[in-house]
Each structure stands twice: as structure tokens, then as C-alpha cells.
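Hello, and thanks for sharing this one with me. I have put my remarks into numbered points, so you can follow along with the model open beside you.

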Amino acid sequence: MVGFKATDVPPTATVKFLGAGTAACIADLITFPLDTAKVRLQIQGERQGPMQAAASAQYRGVLGTILTMVRTEGPRSLYSGLVAGLQRQMSFASVRIGLYDSVKQFYTKGSEHAGIGSRLLAGSTTGALAVAVAQPTDVVKVRFQAQARAGAGRRYQSTVEAYRTIAREEGFRGLWKGTSPNVARNAIVNCAELVTYDLIKDTLLKAHLMTDDLPCHFTSAFGAGFCTTVIASPVDVVKTRYMNSALGQYSSAGHCALTMLQEEGPRAFYKGFMPSFLRLGSWNVVMFVTYEQLKRALMAARASREAPF
């Protein structure tokens, strides 16, 4: 078996909570440039028709976007909004991933055999709950990623200033802008991500195709990342556009989606699909593999502390 071995004692809720937040931060540190490229591609061509957007496109493809940003804004631009991103993951992932098993057990009334309905309910619940906790950090992260590091278009100089400026200019509601599409997105993402990972892993183990180790976790996480990207991309694009919009640009998330459809066509909802997949696929692999290993390491450390001399 590769990595830490599974312990006989299942991980506690606290171990899962802390492990999920830590694993998500590690995954964000590694994949953040892909997330920034995704945001830039998603907002590109906003308020332009399809032909105008194609003609004036500043970013083309994942690698092209990253290279353009490095050339025009410097390498640090790829990590713009990282502080808010890490704040988001520590609060957000801890809830949506760390509490998933506990909520799943609640819906199954403690039964070990969870059906697809219980898994979907648990994923939707923890995904929505996580947004309620971490929405302001998501707003600040998206706005930092969307802005250029230099020039007149720069809106914020620091994370703290961003929180203060948004609250002052847009009110407390400004920090919770895009909550509705974000709840929808994260309910979908959480279901696609956690439920798919859960199902793929269970299938591989029950069919004795793999054992509960790193290759199994890698395969399950990669599959979960692809399924999540396909399902969640349209909501993710609307969420990004609406969060980044100026005050009064869109009256609601629905208005934002309708404007995109009218001005840019259906393909606009899959803008940034490749960086989304590269980011979600790699993020899922790093996060789930790290999460599984952290749970085992923390439980092994706890067992060694409690073991008699």
C-alpha cells in the first residue's frame, strides 16, 4: 500500500474538518494560477457580442492566458487574491467536505449503506452551508483575480482594503453579492464532486479493482473533477460574472445569465472550460489525495499518543 495505512478507528469529525480545510489550502496553493486564468477567460468579452468578443479577445487558451498575464502584469498576478482564496478554503472546504460524512450519516440515520439520494442531500446541504459561511471571501477572491495588477482598472490594493471598500461602497450586501448563484453552484459542485468521488471509490473497492490507497484516491478524484466541470461550468461562469460586476450592471444573477445568452450566445456559459477542468481536475486530485492521507496521519498520531508505554 502506498502512503499512510488506513487505521482501524475511523477519523473523527474534528479530524475531517481540519483535514479538509488544510488539504483544500494545499490544493489551492498548487492550482491557483489555473483558477485565475479561468476567471480571466470567463469575464472576457463581457457586454460584447460574439463577433466583437472574438476579435478583441486578450486571452486565448489556458497557456496563452497565463503567459499573457506573466508578460503584462508579472508572475505575481497569477496569485492575485490568494490570501482571500486561502481564507475561503479554510472556512469553506472545512464545512462542505469535512462535514459531508457526518451529514450523510444524519440523513441515513447512522446506516453504513448510503443511497444516492442521501449522498446528494448531504452534498447539497454542506455545499449551501459552506457558502453561508464563506461568501465574502469568495467575492474578494474573484475580484482580485479579475483585476489587472497595473493600470487604471485596478480596484483594490490589498485584501483588507477590498473587504472595507466593498462594504463601504456597496453595503454589507456587497460582500454577499452572488450568494444565490454561488449556493446553486456549490450545491451542484459538492454533489458532483463528493458524490462522484464517493461512488467511484466505492465501486472500485467493491469490484476489487483497486485497494483503498493512493492510486484509488487519484482515479476517483480525477473522475470527480471531470464530472464536476461538465455539470457546474454554466453556473460557475454566471457566478464569476455577477460577483465581478460593477454596482447596477446586473439586477440579478438571472439577469446576468440572460444578458450572457443574448449578447454572447450559449457558448458563453462554457467560457474557460479547459482551465476549469485543468483546475478542478488537478485540484480534486491534490485535495482528495492529501485529505485521505491527512486523515490517516492525524488518526495514526492520535493513536500513538493514546497508546500505553
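1. In what kind of crossing does H9 pass H11? The crossing of H9 past H11 is right-handed. Please keep in mind that you are looking at a predicted model. H9 covers residues 214–244 and H11 covers residues 273–306. Their axes come within 7 Å and cross at roughly 140 degrees, and the two helices are therefore oblique to each other. Sorted by class, the residues of this contact are 13 nonpolar, 9 polar and 3 charged.

2. Let us step back to the whole chain. The protein chain has 11 helices and 0 strands, so if you read the elements from the N terminus on, you get α-α-α-α-α-α-α-α-α-α-α. Of the 309 residues, 52% are buried. The chain exposes about 14,200 Å², and carbon and sulfur atoms supply 66% of that area.

3. How do distant parts of the sequence meet? Take the contacts between residues at least 6 apart in sequence: 78% of them join residues at least 24 apart. Asp236 gives you an example to look up, since Asp236 and Val39 are 197 residues apart in sequence. In space, their C-alpha atoms are 9.5 Å apart.

4. Stay with Asp236 for a moment. This residue lies in helix H9. Is Asp236 buried or exposed? Its relative accessible area is 5%, and because buried means under 20%, Asp236 counts as buried. Setting aside neighbours within four places in sequence, Asp236 is in contact with Lys38, Gln42, Arg185 and Ser276.

5. Next, a word on how to describe helix pairs. Two packed helices are described by the angle between their axes and the distance between the axes. For H1 (residues 13–43) and H6, the angle is about 75 degrees and the axes are 9 Å apart. H1 and H6 are therefore roughly perpendicular to each other. On the H1 side you will find Phe32, Asp35, Thr36, Val39, Arg40 and Ile43, which meet Lys141, Val142, Gln145 and Ala146 of H6. This contact divides into 5 nonpolar, 2 polar and 3 charged residues.

6. H6 (residues 116–146) also has H5 (residues 100–107) to deal with: their axes come within 8 Å and cross at roughly 130 degrees. H5 and H6 are therefore oblique to each other, and their crossing is right-handed. H5 brings Tyr100, Val103, Lys104 and Tyr107 to the contact, while H6 brings residues including Ser118, Arg119, Leu121 and Thr126. By class, the contact of H5 with H6 holds 5 nonpolar, 4 polar and 2 charged residues.

7. Finally, a loop residue to click on. Where does His208 lie? You will find His208 in the loop between helix H8 (179–206) and H9. Most residues other than glycine have a negative phi. His208 is not a glycine, yet its phi is positive, at about 55 degrees. With a relative accessible area of 71%, His208 is exposed.

Methods:
Residues numbered from 1 in each chain as written. Predicted model: local features only at pLDDT ≥ 70, side-chain atom pairs only at ≥ 80, totals over all residues. Heavy atoms only, no water. Axes fitted to C-alpha atoms, helices over the stretch in contact; angles between N-to-C directions. Helix = DSSP H or I, 4+ residues; strand = E, 2+ residues; numbered from the N terminus. Parallel < 35°, antiparallel > 145°, perpendicular 65-115°, else oblique. Left-handed = near helix turned anticlockwise from the far one by under 90°. Nonpolar A, V, L, I, M, F, W, Y, C, P; charged D, E, K, R; others polar. Buried < 20%, exposed > 50% of the residue type's maximum accessible area, 1.4 Å probe, protein only. Contact = heavy atoms within 4.5 Å. Areas by Shrake-Rupley, 256 points an atom, 1.4 Å probe, with all protein chains shown as cover.
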